[in-house]
Every structure is written in structure tokens, then in C-alpha cells.
Amino acid sequence: MSKEQFDRKDQNCLLKFTEDEILLKLRLDNNPDLLEIEDFLVENNIMEADYEKIKKALSNEQEEWFKIAENINLPSEDDKIEIEVSNEGLKVLLDFTPGRDGKEIKFGDLKELLADKNISYGIKEEKIKQVLKIRQPVKREVIAEGKEPLPGEDGYLIYHFEEKENNIGTLREDGTMDFHSKNLINNVRRGEKIVTMVEPTAGEPGKDVFGEEIKAPVPKSVKLPRAKNTVKKNNSIYAAKDGQIVRNGTKISINPVYQVKGDVDLEEGNIDFVGSVKISGNVREGFVVKASGDIEIAGNVGAAKIESGGSVLIKKGFLGRNKGEINASGDVNARFVENAEIKANNVRVHEAIMHSHVTAKNSVIVSGGKGLIVGGRVMAQNIIEANMIGSSLATKTYIEIGLEPELRKKFKAAKDELETVENNLDKVIKSVDLLKSMKEKGIKLPANKREMFSKLKATKDELEERKSELESEIEELEEQLTASEEAVIKVNNCIFPGVQLLSSKDKMIIRNKISKCAFTEVNKELRQKTNV
């Protein structure tokens, strides 16, 4: 299909000039307007148009060319061009109106005009040639285009930790919600990378239509944030201490102590922290507090679980309800302990340990206030001291010194493993000796037997090495399980009937109330002595 031929156009219509007539064709797709058509005809010096015919054609939506005037000898017109530089020197726009019987603009003329305006870069020569060849009006045609600068990338910070959001709990694997565990603490270990600064990257310069360089915008730089308890190295920040990451706007700090202003309850949730924890209130029943450092609790502890890599201080009491537990690598201090379990290095209780299971690697001291131990089981490697042990009701109370249950478990496990190793070693040795004797008699072993012989010898070496390790371990454990001469039970006031005393080699049941006394193991027997 050939392209429509015309001499003039605007959005409303097309014009065509023949030798005798001026023809018009409506551009119906653009909803032509009569007044705008009139203005267009006047612009083209057509003053005697048949507007009634145009009006009728508009009404009938006529699609064909129709005559609107005689083509009288109009004055000649030269081609008209206008050149505009826009978009800050990045584009050159052309307006072209072809003349009639006048001077025609040639490609060289237009190039010369561009050169006069110092336009030298990005000229679209093919497009210019096409416009001049077709000789149809154009408006704001892009005939030259510069190159925009490519922006670089701003510097930015990479935070190597997740900012925790407050939530009601954590989802378990079975789909139920654990309302005690909120996972709100951002723990960080010493030496861990916290923030990295990425330097900005430069952009690429552009060029305008005058051939001048356009500088790329300068990318923004960022600075590493101020950070407490951290160290800077190269473009990164590292934690200088174990603790909690706290971000406040652009500031970051590593807090080695996690502080709870109030109770550990559903509002706070369980605590799992790599530093120390300080709680100004109580720890409610069913919650867990873990810390690699010390734990200090200003109030009471209910039937909760406390785990510390340091020491635990409870300024009030521990009411365990037979469910509460404390495990500490250091010491445990409390005002009183009731129906709870404690494992620590030293245990210091001011008032009383009642119906509880307490194990200390070194000592248990209950000597302030009443200083009472009653019910349950209290164990220590070296010293158990209390003002009173047991009660007038002969409450069963077990007091053990000079032994440590964990060591006894290790000792039994080592002995059991040694027995298994010795039995397996005996079987392997018999098999090795049998195959060895066959070789010595000149019997050629098949391939599978040779492979078995090689594996058996390797197994024999491994078992003998493990046997030696276990024998050394058992010897060391036996030494630790032997009560020292200093292991003692000290009673500052009195001990009641019903109390059972145990050492590593002996036990004693108290039959009568005894005042101000002490007990120690002598020649594998528990002996009473005066408590001075």
C-alpha cells in the first residue's frame, strides 16, 4: 500500500495542490475541528475556501479528498526551518515547512546551519535526508542527540545483623505458637562483623550536541556509624565485646549487659544472651533465662529455668515448685530456695534450702538468718555448712560430701566402655593370631582374607589406643572421686534425726539431735568431730 501523498498537513486535515485545484482530506481519527481547519488554511494563504463544503464534509465524516478552492497563482514560498536546542544541550529539534515554488533547503544547507550553531555531535544525518526528501511538514523532529552521563552508585552500608521486630512469640515446627519465646535479642560475639561500608562508584561522563563533555553526577559517600564497644578495621566495624547489638538511628552500640526493666513475663519473653543479664523484677513461672555471663535478679524466681556461664544472684527467693532449675558455671546466691534444683560451683543461701536438689562442685553454705537445710538432697565436693540440718519431724534429708554425681556418671561410663573395648580387643586378637599362624604355615590366603587381615590389624591398633586412653581417664576420675581430707559437713546449731550423711565410701544416719558438730571422712569412714 503506497503512502498517502500530500503537500501540507496538521492534526485536522491534509492539503494537496494540483495545477488547478486545492484539495482537502479530513483526518477523521483526530476528530477535526472546523475553526482549527480555518486557522490552518489561513496560515497557508488559502483565503477563499468553501467552508460550507468543509462543514458538510465534517458532518458526513467524508473520507475522500474534495475540492475546497481554486489553485490561483499564489506567491511562491521558500522552505522554512527552525532549529531548537533543548534538554540542556542533549537534543536538537527541527520544525520544517516545505515551501511552494520557492527555494528548497538542501542537506548541505542544513548541515551548514548546524555548524553555525556549533552543533557537531550526535547528528542524525539519515533522518535529516529523509525529511528533506519526503518534503512533508514536521514539528519538533529530533535531528541530533547527545549522550547522557551515566550516574554512578552511591555508597551504602551493609548491616550484618537483623533488626528484630517485636512479636507475640515464635512459631514451633508443629505450627503452634510459643508465646514465651520472642527472640528479640540481637546477640553478637566478639570479633563478629557488624557493619560494612561500600564505597561509591563513579559514573561515566556524557557529551552534549556541541561536543562538550557532561560530567556525571558525583555519587554520595557514606560514613561508618558511631559505635560503642566496637573496633574499626578497613571499611568495616567489628564487635569488641560479646553482647547485644542496639541500633538507634545512625548510632550502634554493643551492650555487654542486657537489662530488663521489670519482670521476665509474656511482655519480655525468654532471654538468650551472650553477655550478662540484669533483671529489675521477677522471673515468672515457665520462662527461660540464658546468659553466657552473670545473671542478676532483683526479685523472685518462680518455676523457671536459669542457665549462666557465670554466676547467678537472686536477691529474693527461688520458688521452684519442683520444676525450677538453675545451672551455673560460677556461683549461685539466693535468699532462700524451695522445691528447686541447682547445679553450680558454690551455692550461698541466706535463709533456707527446703526440699530441693542442690549440687555444688565446691561448697554449699547456708549460714545467714535461720541457715536451714531441710528435705531434699544437698551435695558438695568439699564443704556443706548450715546452722540447722533437718527438722524435729525427722524429715528425710540427704547430705553428701566428697563426691560429685557428674564425675560418678563419667566414671561408670568409662568403666563400661573399657569393658566393651577389652572384649572386642580380645576377639580381634584371636582373629589376627589365627590368620597370622596360617601365613606362617605357608597357607596362601585368598584376597578377601588378606583384606580382612589388614583391617583387623588396623582395628587392633585403634582398640589398644582407646583402651590406654580409658585406663588413664579412669585413674584420673578415681583420684577425683576420693574424698579430700578437708571435705566436711559443718553444723553451727544442730542436726536432727532422719538426716542421712554420705561420703564417697561411707554413710551415716543421724539417730539423735546433735548440737554444734562436724562430720568428715577418716579412713573411708564418716566420723563426727567438734565444730569449733
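**Exercise 1. Work out how helix 1 and helix 2 pack against each other.**

Start with the axes: those of helix 1 (residues 34–43) and helix 2 (residues 51–60) come within 11 Å and cross at roughly 140 degrees. Axes here are lines fitted to C-alpha atoms, for helices over the stretch in contact, with angles running from 0 to 180 degrees between N-to-C directions. Helices (H or I, at least four residues) and strands (E, at least two) are DSSP runs, numbered from the N terminus.

Next, put a word to the angle. That crossing makes helix 1 oblique to helix 2. The scale goes like this: under 35 degrees is roughly parallel, over 145 roughly antiparallel, 65 to 115 roughly perpendicular, and the rest oblique.

Then the hand: helix 1 and helix 2 make a right-handed crossing. Right-handed means that the near helix is turned clockwise from the far one by less than a right angle, and left-handed means anticlockwise.

Now pick out the residues. Helix 1 brings Leu34, Ile37, Glu38 and Leu41 to the contact, and helix 2 brings Tyr51, Ile54, Lys55 and Leu58. Contact means heavy atoms within 4.5 Å.

Finally, sort them by class: the contact of helix 1 with helix 2 has six nonpolar, no polar and two charged residues. Ala, Val, Leu, Ile, Met, Phe, Trp, Tyr, Cys and Pro count as nonpolar, Asp, Glu, Lys and Arg as charged, and the others, Gly among them, as polar.

Before you go on, a word on the source: this is a predicted model, where local features need pLDDT of at least 70 and side-chain atom pairs count only at pLDDT 80 or more, while totals for chains, interfaces and linings use all residues. Residues are numbered from 1 along each chain as its sequence is written, and side-chain values use heavy atoms, with hydrogens and water left out.

**Exercise 2. Do the same for helix 3 and helix 4.**

Axes first: helix 3 (residues 107–116) and helix 4 (residues 125–134) come within 10 Å and cross at roughly 130 degrees. Helix 3 and helix 4 are therefore oblique to each other. Their crossing is right-handed.

On the helix 3 side you'll find Phe107, Leu110, Lys111 and Leu114, facing Glu125, Ile128, Lys129 and Leu132 of helix 4. Sorted by class, the contact of helix 3 with helix 4 has five nonpolar, no polar and three charged residues.

Now zoom in on Ile128, which sits in helix 4. At 1% relative accessibility, Ile128 counts as buried; the cut-offs are under 20% relative accessible area for buried, over 50% for exposed and in between for partly exposed (1.4 Å probe, protein chains only). Skipping neighbours within four places in sequence, Ile128 is in contact with Phe107, Leu110, Leu114, Ile123 and Ile143. Take Ile143: its C-alpha is 6.4 Å from that of Ile128, with the two positions 15 residues apart in sequence.

**Exercise 3. Decide whether Lys25, Asn44, Asn31 and Met438 are buried, partly exposed or exposed.**

Lys25 is in strand 3 (residues 21–26). With 18% relative accessibility, Lys25 counts as buried. Leaving out neighbours within four places in sequence, Lys25 contacts Glu4, Asn12, Cys13, Leu14, Glu63, Glu64 and Trp65.

Asn44 belongs to the loop between helix 1 and helix 2. At 9%, Asn44 is buried too. Not counting residues up to four places away in sequence, Asn44 touches Arg8 and Leu15.

Asn31 lies in the loop between strand 3 and helix 1. A relative accessible area of 65% makes Asn31 exposed. Check its backbone as well: Asn31 isn't a glycine, yet has a positive phi of about 50 degrees.

Met438 is in helix 5 (residues 405–440). Its 25% relative accessibility puts Met438 in the partly exposed class. Beyond four places in sequence, Met438 touches Ile443 and Leu445.

**Exercise 4. Describe the overall build of the chain.**

Count the elements: the chain has six helices and 35 strands. Its radius of gyration is 49 Å, well over the 24 Å from the globule rule for 532 residues, so the chain is more spread out than a compact globule. The radius is taken over C-alpha atoms, and the rule is 2.2 Å times the number of residues to the power 0.38.

Along its principal axes, the C-alpha trace spans about 145 × 85 × 50 Å. Last, burial: 39% of the 532 residues count as buried.
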